[in-house]
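User: Please walk me through this protein model with short questions and short answers. I am new to this.

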Amino acid sequence: MGLIRIAAKIVFAFVLITVAWVGIYRFVPVPFTWTMMGDVISGHGVTKDWMPLSEMDPDMARAAIAGEDSRFCSHHGFDFKAMAGAAARNAQGGRIRGGSTISQQTAKNAFLFQGGGYVRKAFEAYFTVLIETLWGKRRIMEVYLNIAETGIGTYGANAGAIRYFNHDASRLSPTEAGRIAAVLPLPKKRAAIDPHGFVRKHGNTLSRRVSVVRNDGLDSCLRS
């Protein structure tokens, strides 16, 4: 009974601390992440410039939805259809693809570290439920677009826009937004400026999908 009591206290403390942590980030910018720490340790440094979603060009969020999570506004953190599709493609061999939603990626980026296998995925699911419950979609997208890597040592769409296009993210063309979104899956291997190969092709595809996201209301949960 003593061990059970200790375990219960540990679980209670964990829940209390993590709920408070998530609750604080509902209102204040995420100051630093484990991924950023990795860049500091490796000597890359960190460049970031937080911009509220209300000030960011809406095409940036639309491009992210188009590229990363088309059902962002309709799911509750987990897109089981996308997960099943990713599992089916992975079973056929070739490059491994994930089915993570923007909510899951935000939970991982804000509170956890890269890698870690199934243990990290379990914590990711827990934090995904918390942010979906305590933050809502607008805040999830705002945090995502401010802490996701957009290049080596570069974090957030605003810092990415300044790095690649010499202006902030308050005014982005669909092409610029699409190319930043195209970098998101592999930010340490891709660049949005003078892109070629996959980044150019995928970025151009996403820029065309921006209008589809807008016209079909796939970003409806982000509209004021």
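The questions and answers below go from the ground rules to bonds, pockets and surface.

User: What kind of model is this?
Analyst: Residues are numbered from 1 along each chain as its sequence is written, and side-chain values use heavy atoms, with hydrogens and water left out. Local features need pLDDT of at least 70, side-chain atom pairs count only at pLDDT 80 or more, totals for chains, interfaces and linings use all residues, and the model is predicted.

User: How many disulfides are there?
Analyst: A disulfide is a covalent bond between the sulfur atoms of two cysteines. The rule here asks for a pair of cysteine sulfur atoms within 2.5 Å. C73 and C221 meet it, with S to S at 2.0 Å. The count is one.

User: Which parts of the chain hold C73 and C221, and how many residues apart are they?
Analyst: Helices here are DSSP runs of H or I with at least four residues, and strands are runs of E with at least two, numbered from the N terminus. C73 sits in the loop between α3 (58-68) and α4 (80-91). C221 sits in the segment after α10 (198-215), so the pair links distant parts of the chain. They are 148 residues apart.

User: Is the disulfide of C73 and C221 left-handed or right-handed, and why?
Analyst: Look at the torsion about the S-S bond of C73 and C221. It is about -70°. The disulfide is therefore left-handed.

User: Is C73 buried, partly exposed or exposed?
Analyst: Buried means under 20% relative accessible area, exposed means over 50%, and partly exposed lies in between (1.4 Å probe, protein chains only). C73 has 22%. Its partner C221 has 23% and is partly exposed. C73 is also partly exposed.

User: How many salt bridges does a search of the whole structure find?
Analyst: Side chains of opposite charge can pair when their charged atoms come close. A salt bridge needs a side-chain nitrogen of Lys or Arg within 4 Å of a carboxyl oxygen of Asp or Glu. The search of the whole structure finds eight.

User: Which residue in helix α3 forms a salt bridge with R62?
Analyst: R62 and its partner are three residues apart, about one turn of the helix. The closest N and O atoms are 3.0 Å apart. R62 counts as buried at 12% relative accessibility, and the partner is buried at 10%. The partner is D59.

User: Which residue after α10 meets R62 in a salt bridge?
Analyst: The N to O distance in this bridge is 2.8 Å. The pair links distant parts of the chain, 157 residues apart. Both residues are buried. The residue is D219.

User: Which residues are linked in a network of salt bridges?
Analyst: R62 pairs with D59. R62 also pairs with D219. R223 belongs to the network too. The members are D59, R62, D219 and R223.

User: Is D79 buried or exposed?
Analyst: The side chains of R71 and D79 meet in a salt bridge, 2.9 Å from N to O. R71 is partly exposed at 31%. D79 has a relative accessible area of 8%, so it is buried.

User: What is the volume of the second largest pocket?
Analyst: On a 1 Å grid over the protein atoms alone, a pocket is an open set of points where a 1.4 Å probe fits, with protein on both sides within 12 Å along at least five of seven lines; lining residues have an atom within 4 Å of a point. The lining includes R62, D219 and R223. Its largest share, three residues, comes from α3. The volume is about 190 Å³.

User: Which helix supplies the largest share of the nonpolar patch?
Analyst: A nonpolar patch joins Val, Leu, Ile, Met, Phe, Trp or Tyr side chains within 5 Å, from residues with over 30% relative accessible area and no salt bridge. Here V11, F14, V15, V19, V119, F123 and L134 form one on the surface, with about 530 Å² of accessible area together. α1 (2-25) and α6 (117-134) each supply at least two residues. The largest share, four residues, comes from α1.

User: Where does N166 lie?
Analyst: Phi of N166 is near 60°, a positive value in a residue other than glycine. N166 is exposed, with 67% relative accessible area. N166 lies in the loop between α8 (157-165) and α9 (174-183).

User: How many Å apart in space are G23 and W135?
Analyst: G23 is in helix α1. G23 and W135 are 112 residues apart in sequence. From C-alpha to C-alpha, they are 7.8 Å apart.

Definitions and conventions. Patch = residues over 30% accessible without salt bridge, like charges linked within 9 Å, V, L, I, M, F, W, Y side chains within 5 Å. Areas by Shrake-Rupley, 256 points an atom, 1.4 Å probe, with all protein chains shown as cover. Points joined across faces, edges and corners; volume = space filled by probe spheres on them.
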